[in-house]
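Reader: I am new to this structure. Could you pick one part, look at it closely, and explain each term as it comes up?

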Amino acid sequence: MSTRGTVLRSHGPGEQLKAEEVELTAGPGETLVEMRLAAVTPLDRSTLAGKQPTMPSRPFMPGSEGAGVVVSSDAFEAGAPVVVRGEGVGVTRDGVWGGYAVVPNAAVHRLPSSLEPGTALALMTPALTAHTAVRRVAAVQAGETVVVTGVTGLVGHMCAVIARSAGASRVIGLVSLDDRADGATGVVDQLVRVDGLGQVGRELPWCDAVIDTMGGPVAGGVLGHISPGGRIAALGYKAGEFTTIDLHQLIGRDLRVLPVNLQRTTLAPDAVGQALADIAAVSWRADYDVVPAERIGDVLDRQAGRILIDLTGL
């Protein structure tokens, strides 16, 4: 199916984006999406600056993440709300900064009905981070007991939710002594306090896996509570970049320390859809600013905060 629509196009690094009317045609294996919102990501900024090793031909339509509604597809029904991410969209091929976009079917992911598009886009990166840590790196299995450190933070909270979705029988949240934990009580079975030296109470039970978002002495402290053959996925170091590991425990109980490195991790084809489905059962508050498409040039250099582009006016 073909349609004409207005898109934002880049003609080279440092040049202002231009609104142009183009013909878009979806071929086999592609989906035509009427775009509603798009994110402004670090990847988009890097691509516009010409800093990606592989660049699309000029001019091109930027935009690596967006949300909209399917117009035509050989894989999705017309009218389905979707998010678009992956398969080189906005990097090695045209992106989603337009009234319409033609993208590979594999870059299209169904939007859960409980997530509104702006929230889904604003939470996509932390959701993928948590998904990678829990499902891919730690490989949490049904029936396991999982400890999540820093469970009151956004990513930690998502890790707890995704661990539950992955089938964990018990999810235990670790929080610092002075941290409010009201928001975490609904997603964990037990809360355990940890002090600044990484000392955890005896009430922390044995577990199969730890998703550690805190690092520092906390990482070393929770090692003593992992069952033989268990693992700790190291996701962050808010509590410090250095920790002490008891090698007797590590070797004697055959524990695994697994880094979560998103730059070196290739996402599975269903990772985006699975991550959004995992967090859809919980209500989330997402902070973001929405700017009209004609003002995109005003905010491209703004690094703070999550920015979404309203594409409905194109």
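Author: A residue is called buried when its relative accessible area is under 20%, exposed when that area is over 50%, and partly exposed in between, with a 1.4 Å probe and protein chains only. Helices (H or I, at least four residues) and strands (E, at least two) are DSSP runs, numbered from the N terminus. The model is predicted, so local features need pLDDT of at least 70 and side-chain atom pairs count only at pLDDT 80 or more, while totals for chains, interfaces and linings use all residues. Residues are numbered from 1 along each chain as its sequence is written, and side-chain values use heavy atoms, with hydrogens and water left out.

The part chosen is helix H4, which spans residues 216–223. Of its eight residues, six are buried, so that the helix is mostly covered. The buried ones are Gly-216, Val-218, Ala-219, Gly-220, Val-222 and Leu-223. What lies over them? The cover includes five strands, E8 (145–149), E9 (170–176), E10 (190–194), E11 (207–212) and E12 (226–234), together with helix H5 (247–252).

Those strands belong to a sheet. The sheet is open and has six strands in the order E10-E9-E8-E11-E12-E13, paired in parallel. Two strands pair if DSSP finds at least two bridges between them. At the edges stand E10 and E13 (256–259), each of which pairs on one side only. From one strand to the next, the twist averages 20°. Angles here run from 0 to 180 degrees between N-to-C directions, and axes are lines fitted to C-alpha atoms, for helices over the stretch in contact.

Strands E8 and E11 run parallel and are joined by four bridges. Val-148 has Ile-211 in E11 as its bridge partner. H4 packs on this sheet and touches E8, E9, E10, E11 and E12, where touching means contact, that is, heavy atoms within 4.5 Å. The direction of H4 makes about 165° with that of E12.

Val-148 and Ile-211 return in the interior. A nonpolar core is a set of buried Ala, Val, Leu, Ile, Met, Phe, Trp, Tyr and Cys residues joined through side-chain atoms within 4.5 Å. The largest such core has 48 residues, and Val-83, Leu-115, Val-148, Ile-211 and Ile-279 have the most contacts inside it. At least two residues of this core come from each of E3 (30–39), H2, E8, H3 (154–165), E9 and H6. Helix H2 gives the most, with eleven residues. Apart from this core lies another, of 35 residues, including Leu-48, Val-103, Val-291 and Ile-309.

Two suppliers of the largest core, H2 and H6, also pack on each other. Helix H2 (residues 117–137) and helix H6 (residues 271–279) make an angle of about 100°, and their axes are 8 Å apart. They are therefore roughly perpendicular; angles under 35 degrees count as roughly parallel, over 145 as roughly antiparallel, 65 to 115 as roughly perpendicular and the rest as oblique. In this contact, H2 brings residues such as Ala-120, Met-124 and His-131, and H6 brings residues such as Val-272, Leu-276 and Ile-279. By class, ten of the residues in contact are nonpolar, two polar and two charged. Ala, Val, Leu, Ile, Met, Phe, Trp, Tyr, Cys and Pro count as nonpolar, Asp, Glu, Lys and Arg as charged, and the others, Gly among them, as polar.

Val-83 ties in with both helices: not counting residues up to four places away in sequence, its contacts include Ala-120, Met-124, Val-272 and Leu-276.

Back at the sheet, two loops beside its strands can be added. Asp-195 sits in the loop between E10 and E11 and, at 25% relative accessibility, counts as partly exposed. Ser-169 lies in the loop between H3 and E9 and is also partly exposed, with a relative accessible area of 41%. Along the chain, Ser-169 and Gly-143 are 26 residues apart, yet their C-alpha atoms are separated by 4.5 Å. Besides Gly-143, Ser-169 touches Glu-144, Thr-145, Arg-164 and Asp-189, leaving aside residues up to four places away in sequence. Ala-139, in the loop between H2 and E8, has a positive phi of about 50° although it is not a glycine.
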